[in-house]
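Me: Hi! Could you walk me through this protein? I'm new to this, so plain words please.

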Amino acid sequence: MTKVLLVEDEPGVAAFIKKGLEEESYQVQVAYDGHLAIQLLSGNQYDLIILDLILPGMNGIEICKKIRSSSLTNAPILMLTALNSTENIITGLDSGADDYLPKPFKLKELHARLRALLRRSNKSENSSLRDVLEIEDLKLDRATKIAIRDNKEIKLTSTEYRLLEYLMKNQGRILSRVDILDNVWDINFDMGTNVVDVYINYLRNKIEKGFKSKLIHTAIGMGYIMRSEF
């Protein structure tokens, strides 16, 4: 049975989500604030975490950062938010969340997001993690999730890592924004946001700035392609 930690301070919303998930055979434990969530994570193993953004005392961003920095769990985190601007989405993802879901939402969409996160998590665990992806002098170790270029380690957020991994696995192919959304985030985001372009720029700054060649190229009107300049 899939174990879920739900961090939500509104009892009515928490009860609604808990009931909907238990009907789909999830085992759900509720924490009404961040401090209780951290306590529960210290003594229990969960397969998924659903984390509200706006919480009393410690907000969802702070909780997410604490979870990731302390290595309490590698479980995927789905962040619930009423704030769905590109800036807020990116802030949540940069804090360590794996996906976001704007409020209000339908239970069917929540179930789809959770299934996608579980598929990605299982795929990661079962894949050949010792593979090292390479292009020019850039290497990405899929076991340690560390990128190195010209013998310099590049620190990546979890979303930046997934994006770079996808680009490197598909070197020489033009990838549309929809391709990237479907494969990096596993779900179709609101195409009105420019989250893909923002993260491409993040990656460019980290893996190209100060180095001898560009690796991520824009295919005007089509998307992006990772290829060597040589």
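Reply: Happy to; we'll chat about ring pairs, then charges over rings, then two helices. This is a predicted model, where local features need pLDDT of at least 70 and side-chain atom pairs count only at pLDDT 80 or more, while totals for chains, interfaces and linings use all residues. Residues are numbered from 1 along each chain as its sequence is written, and side-chain values use heavy atoms, with hydrogens and water left out.

Me: How many aromatic pairs does a search of the whole structure find?

Reply: One. Rings of Phe, Tyr and Trp (its six-membered ring) pair if their centres lie within 6.5 Å; planes under 30 degrees apart are stacked, over 60 edge-to-face and the rest tilted. The ring centres of Tyr199 and Tyr202 are 5.2 Å apart and their planes are at 70°, so this pair is edge-to-face.

Me: Is Tyr199 buried or exposed?

Reply: Tyr199 is buried, at 0% relative accessible area, whereas Tyr202 is partly exposed at 29%. Buried means under 20% relative accessible area, exposed over 50%, and partly exposed in between (1.4 Å probe, protein chains only).

Me: New topic: which ring does the charged end of Lys3 sit over?

Reply: That of Tyr46, 5.4 Å from its centre. Arg113 lies over the face of Tyr100, 5.8 Å from the ring centre. The rule is NZ of Lys or CZ of Arg within 6 Å of the ring centre and within 35 degrees of the ring normal.

Me: And which residues of helix 6 make the contact with helix 7?

Reply: Thr159, Arg162, Leu163 and Tyr166. Contact means heavy atoms within 4.5 Å, and helices are DSSP runs (H or I, at least four residues), numbered from the N terminus.

How values were computed:
Helix = DSSP H or I, 4+ residues; strand = E, 2+ residues; numbered from the N terminus.
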